[in-house]
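This report introduces a protein model to a reader who has not met it before. It takes up the strands, then the helices, then the core, and closes with selected residues.

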Amino acid sequence: MAPAPRLRCITTVYNDGQDLLTAVDAMLAQSFGDFELILVDDGSGPVTREVLAGLDDPRLRLVTQGN
């Protein structure tokens with residue numbers, strides 16, 4: 001089992017579309033890389049779900065729930 005990351009960040013997502021991609025890309029570009037970003041999708045529509053489906057980084061974890 002891999003050790004836990006030094007930092008965990010949680011952010012909520014609801015119909016953020018491309019703004020979500022901008023925010024996630026900024027987080028992934030940080031020089032500090034020992035983190036996990038947990039994205040909690042609160043029942044977003046198809047545009048945001050498409051953005052989420054395109055994210056592929058081991059530091060990301062997606063949690064989905066209905067609104």
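In this predicted model, strand E2, residues 35–42, and strand E3, residues 60–65, run parallel and are joined by six bridges. Within this pairing, valine 40 has valine 63 of E3 as its bridge partner, and leucine 37 is partnered by leucine 60 of E3. Together with helix H2, residues 46–53, strands E2 and E3 form a right-handed β-α-β unit.

Strand E2 is also paired with strand E1, residues 7–13; these two strands run parallel, and seven bridges join them. From E1 the chain passes through H1 to E2, and this β-α-β crossover is right-handed. One of the bridges places cysteine 9 opposite leucine 37 of E2, and another gives threonine 12 valine 40 of E2 as its partner. Leucine 37 therefore has bridge partners in both pairings, since two cases follow from the bridges named above: cysteine 9 and leucine 60. Strand E2 is mostly covered, with seven of its eight residues buried.

**The helices**

Helix H1 has twelve residues. From its first C-alpha to its last, H1 reaches 17 Å, close to the 16 Å expected at 1.5 Å a residue. Which residues of H1 are buried? They are Gly17, Leu20, Val24 and Met27. Seen down the axis of H1, these buried residues fall within an arc of 80°, so they line one face of the helix. The face turned away from that buried side carries the exposed residues Gln18, Asp19 and Thr22. The elements that cover the buried residues of H1 include E1, E2, H2 and E3.

Helix H2 can be described in the same terms. Its buried residues are Thr48, Val51 and Leu52. Viewed down the axis of H2, they fall within an arc of 100°, so they line one face of the helix. On the other side of H2, Pro46, Glu50 and Ala53 are exposed. The buried residues of H2 pack against E1, H1, E2 and E3.

**The nonpolar core**

In soluble globular proteins, nonpolar side chains tend to be buried together. Here the largest nonpolar core has eleven residues: Val13, Leu20, Val24, Met27, Phe35, Leu37, Leu39, Val51, Leu52, Leu55 and Leu60. Helix H1, strand E2 and helix H2 each supply at least two residues of this core. Valine 24, a member of the core, touches Leu37, Leu39, Leu55 and Leu60 when residues up to four places away in sequence are not counted.

**Selected residues**

The table lists the exposure of four residues.

| Residue | Relative accessible area | Class |
|---|---|---|
| Threonine 48 | 2% | buried |
| Threonine 11 | 32% | partly exposed |
| Asparagine 15 | 43% | partly exposed |
| Glutamate 50 | 61% | exposed |

Threonine 48 is found in helix H2. Its relative accessible area of 2% lies under the 20% cut-off, so threonine 48 counts as buried. Leaving aside neighbours within four places in sequence, threonine 48 is in contact with Val13, Asn15, Asp16, Gly17 and Leu20. Among these contacts, Leu20 and Val13 belong to the largest nonpolar core, and Gly17 and Leu20 are buried residues of H1.

Threonine 11 is found in strand E1. At 32% relative accessibility, threonine 11 lies between the cut-offs of 20% and 50%, so it counts as partly exposed. Not counting residues up to four places away in sequence, threonine 11 touches Leu37, Ile38, Leu39 and Val40. Threonine 11 and leucine 37 are 26 residues apart in sequence, and their C-alpha atoms are 7.7 Å apart in space.

Asparagine 15 has its place in the loop between E1 and H1. What is notable about its backbone is phi, which is near 55°, a positive value in a residue other than glycine. Most residues other than glycine have a negative phi. Asparagine 15 is partly exposed, at 43% relative accessibility, and is one of the residues in contact with threonine 48.

Glutamate 50 is found in helix H2. Its relative accessible area of 61% is over the 50% cut-off, so glutamate 50 counts as exposed. The C-alpha atoms of glutamate 50 and glutamine 18 are separated by 9.8 Å, although the two residues are 32 residues apart along the chain. Glutamine 18 is itself exposed, on the face of H1 turned away from its buried side.

Conventions: Residues are numbered from 1 along each chain as its sequence is written. This is a predicted model: local features need pLDDT of at least 70, side-chain atom pairs count only at pLDDT 80 or more; totals for chains, interfaces and linings use all residues. Side-chain values use heavy atoms; hydrogens and water are left out. Two strands pair if DSSP finds at least two bridges between them. Helices (H or I, at least four residues) and strands (E, at least two) are DSSP runs, numbered from the N terminus. A crossover is right-handed if, with the strands pointing away from the viewer, the path from the first strand over the helix to the second runs clockwise. A nonpolar core is a set of buried Ala, Val, Leu, Ile, Met, Phe, Trp, Tyr and Cys residues joined through side-chain atoms within 4.5 Å. Buried means under 20% relative accessible area, exposed over 50%, partly exposed in between (1.4 Å probe, protein chains only). Contact means heavy atoms within 4.5 Å. The arc is that of the directions from the helix axis to the C-beta atoms. The expected span of a helix is 1.5 Å times one less than its number of residues.
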